[in-house]
Amino acid sequence: MKTNLKLMFALAACWLTGASAWAIEPVNGVYQIGTAQDWADFCTLHNEGTDQKLNAELTADITVVGNTMIGINGSGKPYRGVFDGKGHKLTISYNLNEARVAPFRRINGATIKNLIVEGTISTTAQLAAGLVGGLWQSGSTIQNCVSYVVINDDQGGDATHGGICGSFEDVNGANTIENCAFLGEINAPNREGCGGIVGWTNNNNNNNIIRNCLVKAAGFKVKTGSNNDIICRNNGNVVNCYYIGSITGMTNIKNATAATDAQAASGEICFLLNGSQSVTSEWFQSIGTDAVPLPLGTAVVYANGSLNCDGTPKGNVTFSNTESQPQRDNHQWNEWGFCSNCDEIQPDFLKADEQGFYPIADKKGYNWFMMMINKYGEPNMNAKLTQDLDLSDYTFVPIGVDGRNFAGIFDGQGHRIKNMTIDGTKKEQGFFSTCQGGAVIKNLIIDSSCKIVGTGGANVAALIGCVNHNNFNNDVVLIQNVGNEMSFNVTTTNNAGFIARDFSNFLKVQIENCYNIGNIMGGIENGAFTAWTPNVTLTNCWNTGRIEKTGGYNGSKSLARGNQPKFINSYDLNSENTDNAGAPEGYAAEWLTSGKFAYLLNGNQSADVNWYQVLGENADAYPYPFGTAVVYANGSLHCDGITPKEGTQVTFSNTEGSNIDPHQFVNGLCSVCKGVQPDYLTPVEGIFAIADANQLNWFAHYTGKVNAAVDAMLTADIDMKDISDYPGIGSESKRFTGVFDGQGHLIKNLVVDTPNDRAAGLIRFANAPLTVQNLTMDASCSFKAKNYAGGIIGDLNGSGAVTLSQLGNEATVTTVDQNAGAIVACNFSGEAKITLTNSYNAGAISSGWEAGGMSGWFGNDAVLTNCYNMGTVTNGESFARGNNIQLTNCFDSVSDWPALNKVDFAAFTDGTVYALLAEAAGDGIWFLSAEENGHPVVYNTGIVTAIREHVEAKSAVPSAVYNLNGQRVNAQQAKGIFIVNGKKVVMK
């Protein structure tokens, strides 16, 4: 019997709700908007679809019809793409009594540029704005935009209207508004809390930058003396901003510079907005024609006359559109690398070496490097210490303040910071104030001579006050080989030795080979290494400091506070600390001085070490994460390299000398210590071929302990019924990153029951880049963990492509806490980009919270094609969870998303979904699990049709004939696939 898949696909597609066809189409990935209908189509495509990362540009001036806006009011679907107005004008006439009335209702990580907006907004609700209603979280840039919008509101109370943006909401990183102007009006005479640029910048530190902006004060008709500000309220970092006219009755808490109409018309304000120079202009003005400058145009403004060395006018200076060479005083550089007249920084005071590192030898060099970051915003500069840095008799200012986050490499080269005095009255204080994703700090010690003076400022640490992510470009802050020996006493929240606070929900903090011996006393919510970092991993770290008032939360410990912080070979050796992460079994204080603890930190071996300690004469009191003195175990030892044989004892020295028993390997693993036989399998052309359960178990141990950057393939179905302690592929310290190809095989009877442990799955811990394909977990398998359990992958991190294809999960997956999922439990990285094709879940998925059929959390921008979920999901989203998931030809019977085909459950077993998947994928990808009521699978059963009968003659058909939607049809007119007596038949 031949299957007509094309016919079946066409009929079923008419029954299912598919994606709409849009008149507007992208050109090279950018939607071209040239009419009001184009704008309306783009709004609908964004607001009703699953992809909010759409790029667009205006090709003409547009007058918007009705209340069509990009984004929806509320927490869902913020715009995330790049919108380039190309200098065109958008004219609006919104009349809507809902919050966030603006052309863009909400954005997150978006760029909006080169756009002019004019027209009116009439509303009685809050957060109306000329451009953006609500800016959510981080990574957004609004630049070179002008609003002439008139906002009309006759209500009273707080409004939080903004000339450019209404409010920054749930901010957890950096956002920038630059080179923008509000020249419109806010007619709200009874309203409070409005701002010329932003109504409210919601952030706990100054990572939100408003730079080079202009406001026309005459447009404000708001309640006087009522917290209406000419620029913004709250914590925005305002740089080089100006307002024209009187602000009587309004505030100017950010100290924007006042200007007159004459200064604006003359070109002076244009010149100042450009940073008192004309070489690279963002603001333009035709002198004698334009009353005010605009961040769009071609007419460059030049200064004529004499200028001070900082570029400000000196004496009688005029401005024109004719290029000139004004006389400008020379800088007078002093011994600290600054101009004595204007405090300008001497750009070549320090010179980078061949590797791009600026050498810092003293406080003058530190001061220059700090100012290059803090004043000029050069976040990626690298530095290294050439000797201990003594900061005595110096008014210390940390690196990375007021939104100028440090993102470079700081290499202490084993040196110390001495006599640093941190101002404890300020927030986000430490040697660094704020670091962002990409920052690396290593080989450094904060000396015990350092101190904190004053109290009252939250988020204080010896090393870093706070960290933030970098617009999703690099989501890791790495601290490596660093020690803190400074103790301090504070009165407020979130204080630590290393990082006081992480303001993002995305950043990964990795702390490796570090120690803290400083006491953190007073205040609340303190930690030895971090006081609050949601996603932190400590590897080979230790603490002996006394940590008061940790306030444990969701797995938080005195070592680190966060959302289930991860501790790998890391210990709290101070038994007085509450929420103690624990010391090694049998630990005694003499371990620190004897070398035993250093040996333990190095994994009970001396070949590949991270910790060093001088033993014997002039001994170190504890191990250091840099040096040359390797610690060796001496004596007669069992095969684990640390346990002494009976009747002997182990000593430690800087001289190699020990006898270690050989391993007793059985099926590639030591029967005594579970050590791994490295040559149990030999890769062929770089690929390990796995043929049985013992080999798969060995591979899991091998990747978790020896080398995780390897490839493997299955050469047969694998039955794991005799394996009771499967660890999962990869470990927290060695995450699997490679290719795992099941070659169409099944894994059966793999049971992982670890309800107290983090993560479970065939692959327990993985890093992008990664490829997993052609594999099915049988229904006889099950996975249970405290959190992050997946049928295929548990805990995913890293940066790069994650390519997943032809994967099936029929296993039961359960977590006590969060994030169970069939294919991926949780993707922790904004930089691990998942592509999943031709895959499914038929297993039961259950979590304490945040479960998902295909994934408990796919991360950002996962792309799914030809996938389905028919498994029941408890405490989560039936199909999947993730941010901006993009779907093509995917199916679920519960989740109701615009781009997801919602079907009756019977469609999974009556051949309907199978036909759609098989047609889209082509031959040899999808099969059916059984002749009767089989569901689609990706392993070869040989069954490729759901049609059970083939009726040739209409006379043989009974009168009761139904289409695939259950509707009765005329049997004599039926042609195609129909239901007769509960079976599919082809009618000809």
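# Exercises on strands, rings and buried side chains

Strand β62 (residues 812-815) runs parallel to β60, and 4 bridges join the two. The model is predicted: local features need pLDDT of at least 70 and side-chain atom pairs count only at pLDDT 80 or more, while totals for chains, interfaces and linings use all residues. Residues are numbered from 1 along each chain as its sequence is written, and side-chain values use heavy atoms, with hydrogens and water left out.

**Strand pairing around β60**

Task: find the strands that pair with β60, and name a bridge partner for each.

Solution. Strands (E, at least two residues) and helices (H or I, at least four) are DSSP runs, numbered from the N terminus. Two strands pair if DSSP finds at least two bridges between them.
- Step one: β58 (residues 751-760) pairs with β60 (residues 782-790) in the parallel sense over 6 bridges; here R758 stands opposite N787.
- Step two: in the pairing of β60 with β62, S782 has T812 as its bridge partner.
- Step three: β63 (residues 820-821) is parallel to β60 and joined to it by 2 bridges, with A789 opposite A820.

**Aromatic rings**

Task: classify the pair F396 and F431, and place the two residues in the chain.

Solution. A pair of aromatic rings is described by the distance of the centres and the angle of the planes. Rings of Phe, Tyr and Trp (its six-membered ring) pair if their centres lie within 6.5 Å; planes under 30 degrees apart count as stacked, over 60 as edge-to-face and the rest as tilted.
- Step one: the whole structure holds 49 aromatic pairs.
- Step two: for F396 and F431 the ring centres are 6.3 Å apart and the planes at 15 degrees, so the pair is stacked.
- Step three: F396 is in the loop between β30 (389-390) and β31 (409-418), and F431 is in the loop between β32 (421-423) and β33 (432-436), 35 residues apart.
- Step four: F396 and F431 belong to one aromatic cluster, whose members include W336, Y366 and F410.

**Charges over rings**

Task: which rings lie under R106 and K566?

Solution. The test asks for NZ of Lys or CZ of Arg within 6 Å of the ring centre and within 35 degrees of the ring normal.
- Step one: R106 lies over the face of W136, 4.9 Å from the ring centre.
- Step two: the charged end of K566 is over the ring of F828, at 5.1 Å from its centre.

**Two buried side chains**

Task: describe the surroundings of H745 and N827.

Solution. Buried means under 20% relative accessible area, exposed over 50%, and partly exposed in between (1.4 Å probe, protein chains only). A polar contact is a pair of N or O atoms within 3.5 Å; within protein, one must be able to donate a hydrogen and the other to accept it, and residues adjacent in sequence count only if both atoms are side-chain atoms. Contact means heavy atoms within 4.5 Å.
- Step one: H745, in β57 (residues 739-748), has a relative accessible area of 18% and is therefore buried.
- Step two: the H745 side chain reaches the backbone nitrogen of A716 at 3.4 Å. Beyond four places in sequence, H745 touches residues including L714, D717 and N774.
- Step three: N827, in β64 (residues 824-827), is buried at 2%.
- Step four: the N827 side chain reaches the backbone nitrogen of S829 at 3.0 Å, and a polar atom of that side chain lies 3.0 Å from the backbone oxygen of A832. Among the contacts of N827 beyond four places in sequence are L796, I834 and W857.
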